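Reader: I'm new to looking at protein models. Could you walk me through one and show me how to read it?

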Amino acid sequence: MRTLLILLTGVVAAVALPGSAAADTPFPSPKVQQAFVAGQTVTPTGAIITQVAPGGTVVFRAYAIDGKTHKTVTAKDVKYFYVTIPNEPNVKLRYGARLPGASSRMPWVGAWTVPATYRSGTVEFKILLKLQSGRRAQFVQMPVASSQLTVTKTTTTSFTAPITANPAVSADGKLDVGLYVDSVNGTRPAGATPRPVGCTQTNVFKRGEQFVLRAWGTAMENADVLSTENVDTATFTIPGVATPVTLNWGAHGATSNRVWFWSNFWNIPTDFPLGDTTLRVSFKLDSGKVGNFDYVITIIP
Amino acid sequence: MKHRTITFIALVLTGGMLVAGTALAQSATKIAFTARYAGTAVTKVTDNVVDISATGTGKGTVIGAGKVAGKATGDTSQQPCIPFGGTGKMTGVALTTITFRVTTVSKGCGDESGETFSLVGKAVVLKATGKLKNAKGTLKFTGTYTRSSGAFTVKFVGTLTK
């Protein structure tokens, strides 16, 4: 009886706790309201890329969650969903998990062929969403320059092996937690030659390289961005590796444009199996809600 | 037979109510606790050990306005997150205090330049006085620390029992 009373009181107390706001500047903002959108830049075969050459093609892929219903957004829900690119026509996103570059988790895709004359440098694109309900959202990349989409004639950093064999688990239906996940090449690989540029987005890694996972997210119940204030545990699990890697909440980027997100690295063993492998990113919130994101990477020799 | 059954049920009900009443009388009071402080931390690194001394001011529920002070040690060989542990004390109004132990699951995670750290951990209440006399429990704390200035912020959240 006493235990029951304590439990009941605990539940009431937990519900009564005021919503918390992050003390610092989480990415993309302390609150993600109306809708959640996450996007990646990939090749038509699903390899995440940062660098694209003039004349090359980049596929924008995305998924979204309605902030009110917490349901993943499908074609019938959308009034518009497109990518706006400086000095270029908008790229409309189409819905289809089997379209080139799409995954089950990110079924909205649109391709952009970079004009041969497009200026070199970072592409400050935005993904804009408006639902039939009128709710809106936008996605921008985290302001870490080396990891943002970049047009360059020397695409020496992004590996582009196809990743199609093992699409992530579908995220149909309602989600308690909206998650954005990507990965970059760490600057200190223990068993491989460093790439020409560090911290570029990629999901294709050589054995011995340093894999760095980055994530941010939103608790859909109150629109709070995930931070240490509302997250109990955050990890990613690698098949064949016994202990999950703990994701850490921290500041990143230039001092003048610093943002906070979740990250940690994993040194890929030099004998790790080649091919596709699916990592599970998992957030358990203080509220008890859980969010998962299956993230596919390819290991090459 | 019918009378015996009714008597038995009445006894059971009475007994149940007594047990429930006793349980209610003994049930602990839950106190939702939140406190925020800001101040300055001084660190000294010797080999792979960092000694941390921090003081700050702020306020919290029940405890009111006051200060926090603590001492801890951390293992700087661990990167990018430095585990640390130690003890501290929140002091508020009406002689209300919370003395706590920072458990070793606590850590400070630095950015690429080791300048800005996020803090997260658990503080086990060792002793509480004043308005929180005899309160026990574990608080989650989160915050930030800037190495160059020594500035820190910390927020304690949790449920205390007394």
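**Reading the model step by step**

Author: Sure, let's start with a loop: in chain B, Asn134(B) sits in the one between β7 (116-129) and β8 (138-146). Keep in mind that this is a predicted model.

Reader: Is Asn134(B) buried or exposed, and how do I tell?

Author: You count C-beta neighbours inside 10 Å; a residue is exposed if there are 12 or fewer. Asn134(B) has 12 of them, so it counts as exposed. Its backbone also deserves a look: phi of Asn134(B) is near 70 degrees, which is a positive value in a residue other than glycine.

Reader: Which residue of chain A, also not a glycine, has a positive phi?

Author: Try His70(A), with a phi of about 65 degrees. You'll find His70(A) in the loop between β3 (57-66) and β4 (78-84) of chain A. Here the neighbour count is 16 other C-beta atoms within 10 Å, so His70(A) is partly exposed.

Reader: And what does a buried residue look like?

Author: The cut-off for buried is 20 or more other C-beta atoms within 10 Å. Phe156(B) has 25 C-beta neighbours inside that distance, so it counts as buried. Phe156(B) belongs to strand β9 (residues 151-161) of chain B. Leaving out residues up to four places away in sequence, Phe156(B) touches several others, among them Phe33(B), Ala123(B) and Phe141(B). Over in chain A, buried residues make up 45% of the 301 residues.

Reader: How many helices and strands does chain A have?

Author: Chain A has 1 helix and 20 strands. Contacts tell you something too: of those in chain A with a separation of 6 or more, 71% are between residues 24 or more positions apart.

Reader: How do strands make a sheet?

Author: Strands of a sheet pair through backbone hydrogen bonds, and the pairing is either parallel or antiparallel. In chain A, an open sheet of 5 strands runs in the order β13-β20-β19-β15-β16, with mixed pairing. Its edge strands are β13 (204-206) and β16 (245-246), each pairing on one side only.

Reader: In what sense do β15 and β16(A) pair?

Author: Antiparallel, over 2 bridges, with β15 of chain A covering residues 231-237. To see a bridge for yourself, find Thr235(A) and its partner Thr246(A) in β16(A).

Reader: Where can I look for a cis peptide bond?

Author: Go to Gln79(B) and Pro80(B): a cis peptide bond joins them, with omega about 5 degrees. Pro80(B) lies in the loop between β3 (64-75) and β4 (81-91) of chain B.

Definitions and conventions. Residues are numbered from 1 along each chain as its sequence is written. Chains are lettered from A and ligands numbered from 1 in the order in which they are written. This is a predicted model: local features need pLDDT of at least 70, side-chain atom pairs count only at pLDDT 80 or more; totals for chains, interfaces and linings use all residues. Helices (H or I, at least four residues) and strands (E, at least two) are DSSP runs, numbered from the N terminus. Two residues are in contact if their C-beta atoms, placed from the backbone, lie within 7 Å. Two strands pair if DSSP finds at least two bridges between them.
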